[in-house]
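This report covers a metal site, some backbone details and one sheet. The sequence and the structure come first.

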Amino acid sequence: MTDRWRPIARLVPAEPASDGAGVRLNRSIATANLPALDPFLLLDEFNSEDKDDYIAGFPEHPHRGFETVTYMIEGRMRHQDNAGNSGLLRSGGVQWMTAGRGILHSEMPEQEDGRMQGFQLWVNLPARLKMSDPRYQDIEPEDVPRVEAGGGATVRVIAGEHGGAIGPVQDVFVRPLYLDITLPAGAAVSQPVPTGHTGFVYVFGGEGVTVTEGDPIADPGQGFPVRYRTLAVLGDGDRVGVRNDTSEDARLLLVAGAPIGEPIARYGPFVMNTEQEIHQAFKDFQEGSF
Ligand code: MN
């Protein structure tokens, strides 16, 4: 069977944004340009050495109807919810939180200087799971497999599989792939992505990468550039090739998941299927039933 290499369908530069109590972010999904990318609802990158950009954090706020995925590249973030759960996210760690019917939590920096860098991705839930029990998968940095992928490339496997290594995040409805790929100059990585799944590449280090038209290792031919701090929505196919044609090390996320294909009604921290369900979420929140 011939591989069908995924092309780039769209390029979406991240936009500066502010959220929480005034955290500065670069947002690529949940913008006017790209309101959602089913099943993904939001992608924020935070990256600053200036504490004024992050110190205010995300004080207590609710969520209902989806999952929030926090991946720390550098820094420390304390998570606490109203059910008494608490955890510290460290550099390289991940929290995959299924808000389900509702949680009330805070996400606050546990540092007053130095760099804070990472991502928050929102992943939708289908109607039948929106009111499920909340659930946490807290992954320590040392539990994320790191695969040497040839040419000096390394792949951290948070969810899904690369080169026989299976990510620690399990039993998520959209069957996610979440890879953090470091590509030195000239290096390349090839990754299967199931046909029909939504996929994207987001470059967060270096000058940019190339999404290749064919096998990036065996057949180093043409491709399409994705620049720093840009999200490339991938077209359909069963494989993705990425190569670094620049002279600087590059780093990117490669993320994919099964689309849900249901109506989306969203307001702030609530993502449901209908306006009625959004009103109900507000009512439940105001009545203190989260
Ligand atoms: Mn939150």
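Contact here means heavy atoms within 4.5 Å. The model is a predicted one. By that cut-off, and leaving aside its neighbours within four places in sequence, T68 is in contact with H63, Q95, W96, M97, Q120, L121 and W122. T68 belongs to strand β6, which covers residues 66-74. T68 has a relative accessible area of 0%, so it counts as buried.

**Metal site**

One of the contacts of T68, H63, is also a protein donor of the manganese ion. The protein donors are H61, H63 and H105, each through NE2, and E107 through OE, and they lie 2.1 to 2.3 Å from the ion. Along the sequence these donor residues follow the spacing H-x1-H-x41-H-x1-E. H61 sits in strand β5 (residues 58-63) and E107 in strand β10 (residues 103-109); 46 residues apart, the pair links distant parts of the chain. Both H61 and E107 are buried.

**Backbone details**

Most residues other than glycine have a negative phi, and most peptide bonds are trans. Three places in this model depart from that pattern, starting with the peptide bond from D38 to P39, which is cis with omega near 15°. P39 is placed in the loop between β3 (23-29) and β4 (40-48). The loop between β3 and β4 also holds A30, whose phi is positive although the residue is not a glycine. R229 likewise has a positive phi without being a glycine. The two residues with positive phi are set out below.

| Residue | Phi | Loop | Relative accessible area |
|---|---|---|---|
| A30 | about 85° | between β3 and β4 | 24% |
| R229 | near 60° | between β21 (223-227) and β22 (230-234) | 22% |

Buried means under 20% relative accessible area and exposed means over 50%. A30, at 24%, is therefore partly exposed. R229, at 22%, is therefore partly exposed as well.

**An open sheet**

Strand β22, which follows the loop of R229, takes part in an open sheet of seven strands. In what order do the strands of this sheet lie? The order is β1-β22-β19-β24-β17-β14-β13, and the pairing is antiparallel. At the edges are β1 (8-13) and β13 (146-148), each of which pairs on one side only. From one strand to the next the twist averages 20°.

Strands of a sheet pair through backbone hydrogen bonds, either parallel or antiparallel. Between β1 and β22, which run antiparallel, there are five bridges. V12 faces L231 of β22 across this pairing.

Terms used. Residues numbered from 1 in each chain as written. Predicted model: local features only at pLDDT ≥ 70, side-chain atom pairs only at ≥ 80, totals over all residues. Heavy atoms only, no water. Donors = N, O, S within 2.8 Å, 3.2 Å for Na, K, Ca; no water. Helix = DSSP H or I, 4+ residues; strand = E, 2+ residues; numbered from the N terminus. Buried < 20%, exposed > 50% of the residue type's maximum accessible area, 1.4 Å probe, protein only. Pairing = 2+ DSSP bridges. Axes fitted to C-alpha atoms, helices over the stretch in contact; angles between N-to-C directions.
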